[in-house]
Amino acid sequence: MIRAIRACKTAAEERAVVRKECAAIRAAINENDHDYRHRNLAKLMFIHMLGYPTHFGQMECLKLIASAGFPEKRIGYLGLMLLLDERQEVLMLVTNSLKQDLNHSNQYIVGLALCALGNISSAEMARDLAPDVERLLQFRDPNTRKKAALCSIRIIKKVPDLAENFMYPASSLLKEKHHGVLITGVQLCTDLCKVSSEALEYFRENCIEGLVKTLRDIANSPYSPEYDMAGITDPFLHIRLLKLLRLLGQGDADASDCMTDILAQVASRTESNKNAGNAILYECVQTIMSIEDNGGLRVLAINILGRFLSNRDNNIRYVGLNMLMKAIVVDAKAIQRHRATILECVKDSDASIQKRALELVYLLVNESNVKPLTKELIEYLEVSDQEFKGDITAKICSLIEKFSPEKIWYIDQMLKVLSEAGNFVKDEVWHALIVVISNASDLHGYTVRALYRAFRASTEQESLVRVAVWCIGEYGDMLVNNVGMLDIEEPITVTESDAVDAIEVAIKHHRLDLTTKAMALIALFKLSTRFPACSERIKDIIFQNKRSLVLELQQRSIEFNCILQKYQNIRSALVERMPVLDEATLSGRKAGSLATTVSTSTIAPCNLPNGVAEPAAAPIGDLLDLSSDDVPAPISSGGDFLQDLLAIDLSPASAPSSGTSLPPKAGTDVLLDLLSIGTPSPGESSPSALDMSSSTQDNKALLANLNGLASLSLLPANATSPESSAGAMGLLDVFDPNPQKRDENGPAYPSIVAYESNSLRMTFNFSKQPGDPQTTFIQATFTNRSPNVYDDFLFQAAVPKFLQLQLDPASSNILPASGNGSITQNLKVTNTQHGKKPLAMRIRIAYKVNDEDVLEQGQINNFPSDL
Amino acid sequence: MIHFVLLISRQGKVRLTKWYSPYSQKERTKVIRELGGVILSRGPKLCNFVDWRGFKVVYKRYASLYFCMCIDQDDNELEVLEIIHHFVEILDRYFGSVCELDLIFNFHKAYYILDELLLAGELQESSKKTVARLIAAQDSLVETAKEQASSISNIIAQATK
């Protein structure tokens with residue numbers, strides 16, 4: 001069969017052959033063919049190895065195992081181990097056969113059973129068969145003993161509770177002479193120590209000296225052909241002994257003391273020109289590093305590592321780096337000496353080694369050596385492989401952020417990284433860079449010029465372009481006038497039209513993505529006031545984009561175009577330079593905390609009055625400016641960012657304004673559009689606007705913020721702009737008419753006490769949507785002044801026919817006692833005869849006090865007359 | 001501990017797999033495909049270790065076969081290389097200068113040998129001789145059983161004549 005499969009030239013042929021074989025095997029199984037059963041199973045295993053399904057053969061395995069002869073059992077167990085794994089139910093059926101075979105008189109059959117148990121035992125089997133395995137640890141034949149020992153490892157890993165049963169038999173294995181048993185015994189002890197601290201203590205007390213002696217014997221033993229590996233006697237045993245010693249010595253000074261001599265001997269006398277010897281040295285170094293402090297040994301170990309690092313064999317270098325990573329906790333200074341070598345390894349051609357070395361370098365960096373190391377890394381960045389660049393860039397960026405000694409250095413290094421590997425830089429990183437730039441007011445000029453230069457040199461790196469475009473937009477005037485020249489700079493002359501050229505390149509470049517282009521558009525818009533001479537050209541470019549196929553760009557350019565054409569008076573305010581971004585909030589956001597209610601000191605004061613009384617145009621301009629500038633960021637980093645942004649900027653403002661104003665729905669659309677939040681289309685956002693206004697006191701952070709935001713910008717003139725679909729128009733009209741009408745909004749309707757009994761009080765708050773005078777939103781608030789809690793609280797209302805009433809669910813149906821809380825419920829009333837008849841309402845309130853039903857009824861006639 | 005042993009040919013065909021940790025059939029195929037891609041594409045002079053899903057895979061190439069073993073992060077890679085070599089030497093002794101074809105047609109024998117060498121993901125025996133002796137003993141058991149069976153069938157055949 002194998003030959004037939006191998007003869008197949010194509011996968012299809014192979015599948016056909018396998019299918020035929022499987023059919024034959026199935027038939028044989030159905031006929032219960034005894035003679036060929038083992039052959040069939042062997043075929044099945046081969047088919048299994050090729051990756052075809054073979055579950056139908058599982059029962060055959062069990063039958064073979066249950067049969068008496070050794071050959072059948074042998075192939076049966078092999079099949080069992082290959083075709084099944086511990087999670088299959090069928091495995092339960094085999095437990096009994098295993099138990100019988102463990103007690104079989106033939107040692108090879110016992111061996112087979114142990115082997116199967118060790119390889120696929122499940123927790124239940126481990127529990128059932130543990131006593132048998134334990135007994136076999138003292139079996140006369142050493143080969144069975146060693147199998148039993150390894151089987152015990154599996155058992156204690158599956159069921160750690162059983163560890164104590166194996167402790168004593170395991171320690172007796174350590175006195176064996178047979179290497180196989182010794183190896184497995186040591187391994188068993190190691191695993192026992194890992195699962196049980198009791199065992200660890202026991203071995204520490206009783207076995208250390210024995211182990212040290214064994215290790216010494218084996219290290220000093222003369223050549224023995226049976227166990228020789230490259231001139232060293234049984235390196236496997238060496239390594240296992242060292243491993244166990246490591247566990248025993250860890251955190252125990254006495255135990256560590258016992259083993260120092262032998263460790264020194266192994267470390268200094270093992271030959272290191274062969275792999276086996278190096279394996280032992282490697283293990284030995286690990287042990288030295290983990291056991292309790294011993295200066296001399298450590299020096300020895302670090303020296304060995306130094307030799308490893310300079311070795312020409314890649315394997316050895318790899319483990320050397322690996323080891324250094326662990327050693328860095330113990331002795332950082334000694335490792336610093338190998339810095340140069342490690343840096344060499346970063347540049348190695350082998351990806352595994354590169355990765356290790358880079359991680360190590362990352363750990364090595366501290367305040368004192370960050371400059372040279374970063375320099376090296378950035379230099380290397382230029383020549384590294386594409387797939388490695390992502391890793392290395394991430395590491396460099398986080399190093400720069402973490403250890404940066406000064407801002408100019410930070411900006412310089414980031415610029416280098418951006419221009420080398422800007423496409424690999426994550427969004428957070430360049431966001432952070434912008435914040436830093438905006439905070440370093442004395443470096444604005446320098447930065448923008450450097451960015452301009454880098455941008456001229458290459459537009460390949462997306463994030464470099466973004467940062468450059470942002471900076472040119474913000475600080476374009478500094479670019480042209482050479483403001484804030486530093487000594488180290490070469491002077492350059494950039495004319496206004498050069499700067500505009502640069503931005504235009506960014507907009508037109510076909511490889512740059514939407515976010516970048518949108519940023520470029522905003523930058524251009526900003527430049528329109530900074531460079532009055534170029535404003536005609538800017539207008540042209542914006543105008544061209546009005547026909548962009550991309551919705552985002554099209555919309556923006558239409559909006560900007562409107563501003564440029566119609567609203568010259570507010571334009572300069574709109575495009576003012578952004579306020580300094582707050583580093584604290586950035587880091588707060590990084591930490592993942594959304595609790596940014598602590599306001600940013602720079603923006604809050606100017607917004608607060610805005611929400612309350614003065615319809616100052618300038619702060620609004622600022623606000624819009626801020627929002628529109630940051631739009632690309634929310635787009636690229638998703639909703640959170642936007643929420644944050646709104647929360648940061650607007651939470652102080654929303655508090656005073658949210659209760660009083662009713663943002664018209666078109667206005668909200670406009671605003672959302674202007675902010676280019678993107679997701680809410682006009683149709684979707686109008687209901688949400690309604691929601692917002694009806695639940696103004698519902699202090700859900702985001703809603704309130706949005707609400708506040710909306711009301712803020714529209715306060716000056718909420719009576720206008722009924723529903724303009726051309727978003728920009730609506731918004732801009734806002735600034736036009738005089739803002740006095742605002743006062744008719746909000747506080748115009750005082751809240752009333754609609755109903756009051758001995759203990760219950762109901763107040764109504766009113767609000768309306770401008771443009772829809774018929775509809776009134778009422779928020780009813782109930783308070784209970786009696787000392788008893790009201791359960792099953794239910795409020796009902798009825799209205800005359802000319803009114804329509806809609807009741808939302810109440811916030812709760814339990815009203816706490818003594819005024820310690822309230823229930824709120826929203827009502828929407830539409831008055832079809834608005835202006836002619838006032839509102840009227842009958843109410844019924846039912847609740848339970850101490851399990852007694854109470855009913856209160858009443859009529860409300862004191863509604864304000866113009867609702 | 002060794003989580004699994006894989007033998008992959010240069011063409012990416014699987015020659016032997018042994019799993020000491022539970023992996024479902026689906027995961028197994030995925031692992032084989034993934035590792036095959038990683039390991040076969042590595043150049044000849046690079047180191048023999050690959051970091052993979054929080055484990056380390058140690059591989060070594062012998063003629064047209066890649067021997068791969070997956071181990072824990074804190075295991076000794078150099079030792080595993082030694083174990084692989086040990087395994088190959090035993091195979092070599094058993095088959096007499098082993099080649100890929102030996103392993104294809106006698107894959108069950110390769111498994112028996114591996115079972116004598118490793119158990120529960122740990123090394124079981126460091127002596128090549130002992131492994132060879134054990135395998136030989138079990139093979140002879142099988143032979144005698146077969147002979148018995150054939151002699152019985154002969155007797156039956158003669159008796160029924």
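At 25% relative accessibility, Lys848(A) counts as partly exposed, a class that lies between buried (under 20% relative accessible area) and exposed (over 50%), computed with a 1.4 Å probe on protein chains only. Its salt-bridge partner is Asp792(A), with the closest N and O atoms 3.5 Å apart; a salt bridge here is a side-chain nitrogen of Lys or Arg within 4 Å of a carboxyl oxygen of Asp or Glu. Asp792(A) lies in strand β6 (residues 790-798) of chain A and Lys848(A) in strand β9 (residues 841-849) of chain A, so the pair ties together parts that are 56 residues apart in sequence. Asp792(A) is likewise classed as partly exposed, at 43% relative accessibility. Strands (E, at least two residues) and helices (H or I, at least four) are DSSP runs, numbered from the N terminus.

The model is a predicted one, in which local features need pLDDT of at least 70 and side-chain atom pairs count only at pLDDT 80 or more, while totals for chains, interfaces and linings use all residues. Residues are numbered from 1 along each chain as its sequence is written, chains are lettered from A and ligands numbered from 1 in the order in which they are written, and side-chain values use heavy atoms, with hydrogens and water left out.

Chain A comes to 41 helices and 10 strands. Of its 867 residues, 56% are buried. Contacts (heavy atoms within 4.5 Å) often span long stretches of the chain: among those in chain A between residues at least 6 apart in sequence, 68% join residues at least 24 apart.

Over all chains, the structure holds 14 salt bridges. Side chains of opposite charge can pair when their charged atoms come close. A network of salt bridges links Lys99(A), Asp132(A) and Arg135(A). Within this network, Lys99(A) and Asp132(A) have their closest N and O atoms 3.1 Å apart. That pair links distant parts of the chain, with Lys99(A) in helix α6 (residues 91-102) of chain A and Asp132(A) in helix α8 (residues 123-136) of chain A, 33 residues apart. Asp132(A) also forms a salt bridge with Arg135(A), where the closest N and O atoms are 3.7 Å apart. These two residues both belong to helix α8 of chain A and are 3 residues apart, about one turn of the helix. Asp132(A) is buried, with a relative accessible area of 8%, whereas Lys99(A) is partly exposed at 34% and Arg135(A) is partly exposed at 41%.

Another polar residue of chain A, Asn784(A), is found in strand β5 (residues 772-784) of that chain. Asn784(A) has 0% relative accessibility and therefore counts as buried. Its side chain reaches the backbone oxygen of Asn788(A) at 2.7 Å. Leaving aside residues up to four places away in sequence, Asn784(A) touches a set of neighbours that includes Ser759(A), Tyr790(A), Leu815(A) and Pro816(A).

Turning to the interface, 69 residues from chain A and 62 residues from chain B take part in the contact. Together the two chains bury about 5,900 Å², 56% of it on carbon and sulfur atoms, where buried area is the accessible area (1.4 Å probe) that two parts lose on being put together, summed over both. In chain A, the residues that lose the most area to chain B are Met49(A), Arg74(A) and Phe236(A), together 12% of what that side buries.

Across this interface the rule finds 4 salt bridges. Lys146(A) forms a salt bridge with Glu125(B), at 2.7 Å between the closest N and O atoms. By class, the side of chain A that touches chain B has 30 nonpolar, 18 polar and 21 charged residues; Ala, Val, Leu, Ile, Met, Phe, Trp, Tyr, Cys and Pro count as nonpolar, Asp, Glu, Lys and Arg as charged, and the others, Gly among them, as polar.

In chain B, strand β1 (residues 2-9) is mostly covered, with 8 of its 8 residues buried. Strands pair if DSSP finds at least two bridges between them. β1(B) runs antiparallel to strand β5 (residues 65-71) of chain B, joined by 7 bridges, and Leu7(B) has Phe67(B) in β5(B) as its bridge partner. β1(B) is also antiparallel to strand β2 (residues 14-19) of chain B, through 5 bridges, with Ile8(B) opposite Val14(B) in β2(B). The hairpin of β1(B) and β2(B) has 4 residues between the strands, and Gly12(B) takes a positive phi near 90° there.

How values were computed: Polar contact = N/O pair within 3.5 Å; in protein donor to acceptor, adjacent residues only side chain to side chain.
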